[in-house]
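This note sets out a few points for a colleague who is new to the structure. Please read the points alongside the sequence and the model.

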Amino acid sequence: MLEGAVAAFGASAIATILFNTALAWIKDAFDPLNDLMARLTGHHWITHGLADVALFLVLGIILTRQGYRASGSSIALGLVAAAVIGGSSLMLWFVFF
Amino acid sequence: MNELILFSHPTFGVLGTMAALWVFVEALNASDSNRVRTLLAALAVTTLIGLACAAGGYWYVFHYAPEKTLILSGPWPFAHGIVMETKEHLFFVLLILAVYLPIVAARRLVVDRPARIVAIVVAGLIVLHGLAIEGAGAIINHGAKAALAQAVAKGSDR
């Protein structure tokens, strides 16, 4: 069983990878959000990256403090699934929309 | 100077990908004797991928717009419309995995089997993402080159 920062930041990485794809879809489909993100830092891509890193760190710290535990295989499978779903969904979005 | 920044982006990316492969192999052969080396390699991954992101991000934010216009006017518009759009967002996945890797590699992998599995998976995912992103960069580069070649050919026809 994984515990501490490894489990917490592993779960946080899974959530962040999926969030990254969802934010890419939403800002691409909804121009006001894209414009807002561009105004916040000067470029939507910078805001997007900062949002991802902030979510990863904040969620990881919160889960660590809560004593989150998970099996190694669930974190490993979750990361593979998130990477496959997140990556392929990103590409398919830009192919079809 | 701008060209140096542009070319440092894939260079740091390749070095980071190679460092992730190094972590993958060290984690497969985890022992007490390679514990520090594995952690140092994982920290190298974080540093190199971070530098690749900074260099590529600087180029993308400040210099890519004319290249984008050029690619979209050329014979390979998908090099921006699909490949660059995917790459610029997929890079964040690579960055998150690269930041996470040292957290896992800091564990004593020889006795901590769950952490060892996660270290192998994360390092493997970084290698696959790194290779995919390098390939995407080559397609984007060719998209710009093909657009320039088309513009030159049109100019010589006049």
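**Points on the interface and on chain A**

1. The axes of helix α1 (residues 4–29) of chain A and α3(B) approach within 10 Å of each other, and their crossing angle is roughly 175 degrees. Angles over 145 degrees count as roughly antiparallel, and α1(A) and α3(B) are therefore roughly antiparallel to each other. The model is a predicted one.

2. Which residues make this helix contact? From α1(A) come Ala5(A), Val6(A), Phe9(A), Gly10(A), Ala13(A), Thr16(A), Ile17(A), Asn20(A), Ala24(A) and Lys27(A). From α3(B) come His89(B), Phe92(B), Val93(B), Ile96(B), Leu97(B), Tyr100(B), Ile103(B) and Val104(B). By class, the residues of the contact between α1(A) and α3(B) comprise 13 nonpolar, four polar and one charged.

3. The helix pair belongs to a contact between the chains that takes 33 residues from chain A and 30 residues from chain B. About 2600 Å² is buried between chain B and chain A, and carbon and sulfur atoms give 82% of that area. On the side of chain B, the residues that lose the most area to chain A are His89(B), Phe92(B) and Ile96(B), which together account for 23% of what that side buries. His89(B), Phe92(B) and Ile96(B) are also among the residues of α3(B) that touch α1(A).

4. How many salt bridges are there between chain B and chain A? The count is zero. Polar contacts do occur across the interface of chain B and chain A, where five residue pairs are found, with both residues at pLDDT 80 or more.

5. Three elements of chain B each give two or more residues to the side that touches chain A: α2 (35–73), α3 (78–105) and α4 (113–157). Of these, α3(B) gives the most, with 16 residues. The residues on that side of chain B divide into 21 nonpolar, five polar and four charged.

6. Chain A has four helices and two strands. Read from the N terminus on, the elements of chain A follow the order β-α-α-α-β-α. The C-alpha trace of chain A spans about 45 × 30 × 15 Å along its principal axes.

7. Over all chains, the structure holds four salt bridges. One of the salt bridges is formed by Arg69(A) with Glu3(A), whose closest N and O atoms are 3.5 Å apart. Arg69(A) lies in strand β2 (residues 69–70) of chain A and Glu3(A) in strand β1 (residues 2–3) of chain A, so the pair ties together parts that are 66 residues apart in sequence. The side chains of Arg69(A) and Glu3(A) are also joined by a polar contact of 3.5 Å.

8. What else does Arg69(A) touch, leaving aside its neighbours within four places in sequence? Besides Glu3(A), Arg69(A) is in contact with Met1(A), Leu2(A) and Ala7(A). Ala83(A) is 14 residues from Arg69(A) along the chain, and the C-alpha atoms of Arg69(A) and Ala83(A) are separated by 21 Å.

Technical notes. Residues are numbered from 1 along each chain as its sequence is written. Chains are lettered from A and ligands numbered from 1 in the order in which they are written. This is a predicted model: local features need pLDDT of at least 70, side-chain atom pairs count only at pLDDT 80 or more; totals for chains, interfaces and linings use all residues. Side-chain values use heavy atoms; hydrogens and water are left out. Contact means heavy atoms within 4.5 Å. Buried area is the accessible area (1.4 Å probe) that two parts lose on being put together, summed over both. A salt bridge is a side-chain nitrogen of Lys or Arg within 4 Å of a carboxyl oxygen of Asp or Glu. A polar contact is a pair of N or O atoms within 3.5 Å; within protein, one must be able to donate a hydrogen and the other to accept it, and residues adjacent in sequence count only if both atoms are side-chain atoms. Ala, Val, Leu, Ile, Met, Phe, Trp, Tyr, Cys and Pro count as nonpolar, Asp, Glu, Lys and Arg as charged, and the others, Gly among them, as polar. Axes are lines fitted to C-alpha atoms, for helices over the stretch in contact, and angles run from 0 to 180 degrees between N-to-C directions. Angles under 35 degrees count as roughly parallel, over 145 as roughly antiparallel, 65 to 115 as roughly perpendicular and the rest as oblique.
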